[in-house]
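Welcome! Please take a moment to look over the sequence and the 3D view before reading on.

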Amino acid sequence: MTGFMGSGKSTVAPRLARGLGYKALDLDEEIVQHTGLSIPALFELYGEERFREEEKNLLRRLTEQTGIVVSLGGGAVMDPSNLAWCKQKGTLVYLKGSAAFLASRLASSRQDRPLLHDENGSLLPPGLLLDRVSDLLTQRSAIYEQAHITVTIDAASISSVVARIQGALRQ
Ligand code: S3P
């Protein structure tokens with residue numbers, strides 16, 4: 001499961017997994033468990049590069065298992081070898097949202113996303129948050145669009161997103 005921060009990957013993945021009789025795994029949670037550090041602490045102490053290394057290694061380790069639905073961090077497939085890996089190992093599903101929708105969701109969600117923080121480690125205020133989300137999404141969209149399945153999420157309920165993924169998987 002891929003898509004921008006705030007697209008609902010971590011909510012959709014367990015529901016989809018339940019329907020399939022699979023196990024749900026969250027790559028960011030695995031990184032936190034493995035390093036013993038929160039994502040902001042990992043970025044702050046060792047930098048984004050180290051975070052991306054952990055992400056790459058754990059992605060490979062996790063996907064040694066079968067029968068899993070993995071919610072990836074929003075930047076994981078920006079590494080071309082990670083994108084290729086995900087597409088080869090499984091079915092890559094993109095939860096697609098508009099910048100405006102994502103930014104409004106992110107404004108009131110978890111505060112543990114360093115790419116959306118100001119220099120003091122606080123979530124950017126709404127106007128700057130929308131600019132940041134728009135910039136990043138513009139850079140990333142063409143990569144996300146390479147997923148096997150794309151489901152639009154703006155104004156859609158979780159259950160309809162899950163149902164549409166299930167339908168696409170059946171096809
Ligand atoms: C990131 C997304 C985050 C997390 C990290 C970087 C990104 O995960 O992996 O903060 O580069 O988009 P979520 O997409 O689950 O928020």
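Here is a short tour of one helix, the ligand and two single residues.

Keep in mind that this is a predicted model. We begin with helix α2, which spans residues 27–35, then move to the ligand, and finish with alanine 155 and proline 126.

**Helix α2 and its two faces**

- Three residues of α2 are buried: Leu27, Ile31 and Thr35.
- These buried residues sit on the same side of α2, because the arc they cover around the axis is only 60 degrees.
- If you turn to the face directed away from that buried side, you will find the exposed residues Glu29 and Gln33.
- Among the elements that cover the buried residues of α2 are β2 (23–26), α3 (39–62) and β3 (68–71).

**The ends of α2**

- At the N-terminal end, aspartate 26 acts as a cap for α2. One of the side-chain oxygens of aspartate 26 lies 3.0 Å from the backbone nitrogen of aspartate 28.
- Glycine 36 comes just after α2, and its phi is positive, at about 75 degrees.

**Around the ligand**

- How many residues surround the ligand? There are 14 of them, and the closest are Lys9, Asp28, Arg52, Arg113 and Arg140.
- You have already met aspartate 28 beside the cap of α2. In its side chain, an N or O atom is 2.7 Å from an oxygen atom of the ligand.
- Glycine 74 takes part through its backbone: an N or O atom there lies 2.8 Å from a ligand oxygen atom.
- For arginine 113, the side chain has an N or O atom 2.6 Å from an oxygen atom of the ligand.
- On its own, the ligand has 380 Å² of accessible area, and the protein covers 98% of this.

**Alanine 155**

- Where is alanine 155? Look in the loop between β5 (149–152) and α7 (158–170).
- Its phi is near 65 degrees, which is a positive value in a residue other than glycine.
- Is alanine 155 buried or exposed? Its relative accessible area is 79%, and exposed means over 50%, so alanine 155 is exposed.

**Proline 126**

- Proline 126 belongs to helix α6, which runs over residues 126–144.
- Proline 126 also counts as exposed, because its relative accessibility of 63% is over the 50% cut-off.
- From C-alpha to C-alpha, proline 126 and serine 157 are 24 Å apart in space, and in sequence they are 31 residues apart.

Methods:
Residues are numbered from 1 along each chain as its sequence is written. This is a predicted model: local features need pLDDT of at least 70, side-chain atom pairs count only at pLDDT 80 or more; totals for chains, interfaces and linings use all residues. Side-chain values use heavy atoms; hydrogens and water are left out. Buried means under 20% relative accessible area, exposed over 50%, partly exposed in between (1.4 Å probe, protein chains only). Helices (H or I, at least four residues) and strands (E, at least two) are DSSP runs, numbered from the N terminus. The arc is that of the directions from the helix axis to the C-beta atoms. Contact means heavy atoms within 4.5 Å. A polar contact is a pair of N or O atoms within 3.5 Å; within protein, one must be able to donate a hydrogen and the other to accept it, and residues adjacent in sequence count only if both atoms are side-chain atoms. A residue is near a molecule or strand if one of its heavy atoms lies within 4 Å of it. Accessible areas come from the Shrake-Rupley method with a 1.4 Å probe; for residues, only the protein chains shown count as cover.
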